[in-house]
Amino acid sequence: MSETEAEQLLSHLEQAVRAGITAYGQATEAFDREQQRLTCNMNALNDGLERIVRVYSEHVHLEYEDPETFGGGHYVLYPIENSDARFAIEERYTGTDWSDPDRLPTSWAWRAERTARRTDGTYGWRVSARGAVDSDDAATLLRQAEIWAKRTRNAAQHAVSVRRDAPGRPSPDAPRL
């Protein structure tokens with residue numbers, strides 16, 4: 001190999017190494033941007049759920065659960081008054097599972113559930129509504145959670161008004177003119 005050929009080979013090798021370093025840097029930057037996007041979306045969901053709980057604090061509470069153990073979801077809204085209903089949100093991942101400590105959800109699945117009697121006489125959770133959204137669509141999921149919380153509040157308020165107006169109890173005084 002001549003000196004000129006050796007210099008050309010080294011030049012090509014240097015260009016290839018520089019191209020590899022540039023490609024690695026671009027891939028790392030893209031990965032970091034994706035991680036930031038997914039983290040932002042997860043924080044938006046968490047903040048939105050906490051806002052819903054503040055608004056409906058007399059009627060719902062939020063639990064952070066392990067769906068493998070409890071079967072609900074990672075985020076679960078329950079009524080304050082009883083536990084025969086819940087709104088469960090389960091994180092979904094791409095390329096990993098829930099056991100990965102660095103996992104970030106790429107989507108969420110949700111279920112509105114109520115306890116119902118089974119044919120064998122036991123009670124279990126029965127799904128009344130369900131859906132799934134991509135990570136970028138946390139707003140849709142938060143709307144569903146708020147609809148559930150609002151219905152829970154309305155049902156609790158209705159139950160109080162029915163108890164208040166039960167037969168045998170005096171009606172509230174009518175307004176005086």
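Colleague: Which residues is Leu77 in contact with, leaving aside its neighbours within four places in sequence?

Modeller: This is a predicted model, in which local features need pLDDT of at least 70 and side-chain atom pairs count only at pLDDT 80 or more, while totals for chains, interfaces and linings use all residues. Residues are numbered from 1 along each chain as its sequence is written, and side-chain values use heavy atoms, with hydrogens and water left out. With contact taken as heavy atoms within 4.5 Å, Leu77 touches Leu49, Val53, His61, Leu62, Arg86, Phe87, Ala145 and Trp148.

Colleague: Why is Leu77 called buried?

Modeller: Relative accessible area under 20% counts as buried, over 50% as exposed and anything in between as partly exposed (1.4 Å probe, protein chains only). Leu77 has 1% relative accessibility, and therefore counts as buried.

Colleague: What makes Ile21 exposed?

Modeller: The relative accessibility of Ile21 is 58%, so this residue counts as exposed. Ile21 is placed in helix α1 (residues 3–55), where helices (H or I, at least four residues) and strands (E, at least two) are DSSP runs numbered from the N terminus.

Colleague: How do you know that Arg86 and Glu113 form a salt bridge?

Modeller: The term requires a side-chain nitrogen of Lys or Arg within 4 Å of a carboxyl oxygen of Asp or Glu. In the pair Arg86 and Glu113 the closest N and O atoms are 2.5 Å apart, which meets that rule. Arg86 lies in strand β3 (residues 85–92) and Glu113 in strand β4 (residues 107–117), so the bridge ties together parts that are 27 residues apart in sequence. Arg86 is buried because its relative accessible area is 4%, and Glu113 is likewise buried, at 6%.

Colleague: What makes Arg111 and Glu90 a salt bridge?

Modeller: Their side chains meet at 3.8 Å, N to O, so the pair satisfies the rule. This pair links distant parts of the chain, with Arg111 in strand β4 and Glu90 in strand β3, 21 residues apart. Arg111 is buried, with a relative accessible area of 13%, whereas Glu90 is partly exposed, at 21%. Arg86, Glu90, Arg111 and Glu113 are linked in a network of salt bridges.

Colleague: Why is Glu91 called buried, and Arg103 partly exposed?

Modeller: Glu91 has 9% relative accessibility and so counts as buried, while Arg103 has a relative accessible area of 27% and is therefore partly exposed. The side chains of Glu91 and Arg103 meet in a salt bridge (3.9 Å, N to O).
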